[in-house]
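Welcome! Please take a moment with the sequence and the 3D view, and then we can walk through a few parts together.

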Amino acid sequence: MKSFAAKASVAAMAFLRTCHGFYVPGVKPHEFLPGEEVPMKVNSLTSIHTQLPKDFYRLPFCRPTGGPKMASENLGEFLTGNKIQNSAYSINMLREVFCQVLCQVTLTPIEAKSLATHIKYGYHNNWIIDNLPGASVGLTGSGHHQTHYAGGFPIGFITQDSPEAFVYNHVNIILEYHNPEGKEGHRVVGFAVEPMSINHRYAGGFQWDGMSSDGFTKPLDTCIANQHMDRNNVGDFQRVRPGENIIYTYDVVWRYSETAWASRWDVYLSEDHMVPAQVHWYSITNSILVVLFLSLLVVSILVRNLRRDIAGYNAMAALTDEEKEEEAEESGWKLVHADVFRPPQNWPMAYCIMVGSGAQIGVCGFVTILLAAVGFLSPARRGSLMTAVLVFYMLCGCLAGYVSSRLYKSFRGRQWQLCTLFTATGFPGLCFFTFIFFNTILAFFRSTASVPFLDLVIVAAMWCCVSIPLVFLGAYFGYKAETISFPTVTSTIARAIPEQTTFMKPITGICLAGMVPFAAAYVELFFIMTSLWMDQFYYVFGFTLGVYVILLITVAEVTVLLCYYQLCAENHRWWWFTFLSSGSVAGYTFIYSVFWFKSLEASRMLITYMLYFGYMFLISSALFLVTGSVGALISLWFVRKIFSTIKVD
């Protein structure tokens, strides 16, 4: 047996040595032959200060011959505000370009005001070559070059001395290529843009009308022949004001790189190691320490106390009536055995709906993060994460129907059709109509975040034709299954609840319960918020998966502990208490988002505040349902378990 295991280990190691890791970026490698056209596409203009993506060609930029054309996009790209189109830039493999004139634009008063406003709000270009987003090359305060790989590059700047706006009308397009062995062509493995603002002038005082072909061949005084543009050679900046003739130019620089095509996204995902990996390790270590501390606390309190309680209750049950009278009066959680499984006094249907919806969102989130952690949902596949969330959320609808129906049946509810309908339409309906409301407002702002009507119809059809039927299917099997059995019989008249001390009041436990789970996840939450609202790439889904699991474990342990003390205080109304206690971590998350909002340096536009707090409310609501359902279900298991171990008269 040992020799077999040794041979298997050697074989496995030999197999692993012959395997080469390959990161799936979502597209097939393309080899460009020397001189072959390398298309460059433009995506929506974005600003973290407004959260309103805009069409690139809405501003006075150069348009391609024949007008802009949309690139093929998936549903997730539309829902996330991407609008990818072709560009006027002509780029060919290994062909250097020196200060090539692209076009001339004469600003009208409206165009000048619009361009200056977008520069003031910090809008960025987002260009794409061979599925690689353009990194931004700029200068630090000390004059050194610095590259940012996420968020694109700014369309202009405003000086500190005056409020006048300047546009970046020249770009150095820096492309890195790699020549794979055995291939004739070259692969693009790097793409960066160095923007500059230059007040171009033609030699000899030539004035171009922007239409004739002479403007593309006449030399510029502001450019040096056969040399790439350097910041040190820039004289006057290009101002943005009515009547100004803006000449757009570009350089193309090709550099060889040893970076393989399979790893070309590494520098984007790590932001060139700007955020050390130790930060994420600190996050996961912090979470593990919190859950270990809680686990030790739960074991030391619950296990010890429960063993003592159960042994005492069972010993009491074995006594005769005369011996019982001599013993002290019973106290503790056994006294509520006839009421502990009484259905919630308030809104039992709503309780079932929320637990079922939370189970659906929780499993959907776990599967999505798991697939992202193993590389199936990489940032290179734009919109893939949003598409995966939609698909898995719909497929998990049967779980929501099953959980809510099982609970509602155990509560002896009679309006099962209504319960199932609300489970299928409650939370998704809130999300859909909130999205429709914001989509309508975004359409008035002519933002690319406004989803086309056809895509809205597709989402609505997915909801009505797939998600809702799956919820009813799950509910059908839930109502066909046996009723959840309880180890004790519920009395006809509810037991009176004694007066609770301040620390034992339910509202105190509900408010304080979310602090510990939030402490286990807040470090990683910062990076998630940065990725969500600041156009940064997020790739450490392995850490996210670990923090997500630890969060749910922490929620479960805290809720079980609070539920035990609630029952010891002879308070049998634990259904809503456990749901709200475990769900309170969402409240801390929303409060954190309020303070984090200052990081955006948001504009004074009302729509920015509406979008941020509206969507953070939906995210917090989803987290509330997930953690609430975990706390409720683990408490149900815990209560059934402890009451099944005692002998009740």
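## A small sheet, a cavity and a helix

Lys41 stands opposite Asn86 in β2. Two bridges join β2 to strand β1 (residues 40-42), and these strands run antiparallel; two strands pair if DSSP finds at least two bridges between them. Helices (H or I, at least four residues) and strands (E, at least two) are DSSP runs, numbered from the N terminus.

This is a predicted model, in which local features need pLDDT of at least 70 and side-chain atom pairs count only at pLDDT 80 or more, while totals for chains, interfaces and linings use all residues. Residues are numbered from 1 along each chain as its sequence is written, and side-chain values use heavy atoms, leaving out hydrogens and water.

β1 and β2 belong to an open sheet of four strands in the order β2-β1-β5-β6, with antiparallel pairing. The edge strands each pair on one side only:

| Edge strand | Residues |
|---|---|
| β2 | 85-86 |
| β6 | 132-133 |

Next, the helix α8. Its twelve residues (384-395) should span 16 Å at 1.5 Å a residue, and the end C-alpha atoms are 16 Å apart, which agrees; the expected span is 1.5 Å times one less than the number of residues. Which residues of α8 are buried? They are Ser384, Ala388, Phe392, Tyr393 and Met394, where buried means under 20% relative accessible area (1.4 Å probe, protein chains only). The buried residues of α8 pack against α7 (348-373), α9 (397-410), α10 (416-444) and α11 (453-480), with contact meaning heavy atoms within 4.5 Å.

How values were computed. Buried < 20%, exposed > 50% of the residue type's maximum accessible area, 1.4 Å probe, protein only.
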